[in-house]
Structure formats: structure tokens, C-alpha cells
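Reader: I would like a close look at one part of this model, with its surroundings described step by step. Please then set that part against the charged side chains and the fold as a whole.

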Amino acid sequence: MSTHVVAEASLPVPSGQPIYLDNVLLDENPGELWLRFRFVAPKIGQTVGRVGYDVSAVDMDHLCETLAVPYVLQRKLVPARVVISLSDKAVAFGESAPDVTQFFEAYRLENARCIWEEF
């Protein structure tokens with residue numbers, strides 16, 4: 001199940017880069033509930049002048065704590081993982097897009113906190 005969200009204003013993150021919520025996906029294909037928060041961050045990338053992974057990782061931690069945790073608590077969900085993804089352009093879930101920069105982080109929720117999980 002996917003909830004498409006159109007954000008008109010950038011979400012506040014530590015780096016100050018513009019980030020917009022694209023959609024929230026409840027994915028049970030891994031055999032357990034994974035809650036995927038998919039964001040568009042048009043300035044991310046690996047080239048000079050772009051916002052790199054190291055800066056974006058801090059923003060993803062922040063988005064997990066400030067957006068995903070309240071979402072889960074409010075809806076009484078029990079996800080096995082929460083995935084925060086940033087893409088420089090909107091991409092359909094599961095679609096290959098080699099020209100698009102994408103960063104991902106996965107977390108487990110423990111005591112209403114995001115605990116980083118290695119993929």
C-alpha cells in the first residue's frame with residue numbers, strides 16, 4: 001500500500017538542503033512490514049557542489065526520528081524496518097533509474113527511537 005503525498009514546502013533537516021516527501025509505502029514483500037519513506041532531495045549527488053551521502057545520512061537520521069517515529073506511533077504500526085530514501089528525482093518504487101542519485105538508510109525502531117541497520 002502506498003500513500004502519495006505532495007509536499008509543497010521543503011522539510012527542515014540539519015543540512016538545510018531542500019527535501020520533499022514523495023510517498024510512504026507499506027511494503028510486506030520482504031515477508032515482514034517495511035515502512036518506506038521516499039523523499040525527493042534535488043541537490044544530492046556525488047559531484048562537486050552537490051550534497052553528498054555523508055551530509056544526507058545525518059538528514060535521513062533526522063527524518064526517521066522526526067517524521068517516521070511519529071507516523072508509526074500515530075498509526076500503531078509495528079514495522080520490522082523503516083527505510084528512508086532520498087532521490088534527486090522522483091522514481092517509481094522498484095523502477096531502475098541509473099541516471100538518478102539515490103541514498104538509502106534502514107532502521108529498526110526501538111523505544112520510539114531509530115536504530116541504524118546495515119543493509
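Author: Lys89 has a relative accessible area of 41%, so the residue counts as partly exposed, a class that lies between buried, under 20%, and exposed, over 50% (1.4 Å probe, protein chains only). The model is a predicted one, in which local features need a pLDDT of at least 70 and side-chain atom pairs count only at pLDDT 80 or more, while totals for chains, interfaces and linings use all residues. Residues are numbered from 1 along each chain as its sequence is written, and side-chain values use heavy atoms, with hydrogens and water left out.

Lys89 sits in the loop between β4 and β5 (102-110); strands here are DSSP runs of E with at least two residues, helices are runs of H or I with at least four, and both are numbered from the N terminus. Once neighbours within four places in sequence are left aside, the residues in contact with Lys89 are Val40, Asp99 and Val100, where contact means heavy atoms within 4.5 Å. Thr101 lies 12 residues from Lys89 in sequence, and the C-alpha atoms of the two are 7.8 Å apart in space.

From there, the account can turn to the paired charges. Side chains of opposite charge can pair when their charged atoms come close. Across the whole structure, a search finds five salt bridges, each defined as a side-chain nitrogen of Lys or Arg within 4 Å of a carboxyl oxygen of Asp or Glu. One of them joins Glu117 to Arg81, with 3.2 Å between the closest N and O atoms. This pair links distant parts of the chain, 36 residues apart, for Arg81 belongs to strand β4 (residues 81-87) and Glu117 to strand β6, which covers residues 113-117. Because its relative accessible area is 15%, Glu117 is buried, whereas Arg81, at 23%, is partly exposed.

Glu117 also forms a salt bridge with Arg108, and here the closest N and O atoms are 2.4 Å apart. Arg108 in turn is bridged to Glu110, at 3.3 Å between the closest N and O atoms, and so Arg81, Arg108, Glu110 and Glu117 are linked in a network of salt bridges. Glu110 is partly exposed, with a relative accessible area of 38%, and Arg108 is likewise partly exposed, at 28%. Beyond its neighbours within four places in sequence, Glu117 has contacts with Arg81, Ala106, Tyr107 and Arg108.

As for the fold around these residues, the protein has one helix and six strands, which follow the pattern β-β-β-α-β-β-β along the sequence. Its radius of gyration is 14 Å, close to the 14 Å that the globule rule gives for 119 residues, so the protein is as compact as a globular protein of that length; the radius is taken over C-alpha atoms, and the rule is 2.2 Å times the number of residues to the power 0.38. The C-alpha trace spans about 40 × 30 × 30 Å along its principal axes, and buried residues make up 43% of the 119. Among contacts with a separation of 6 or more, 52% are between residues 24 or more positions apart.
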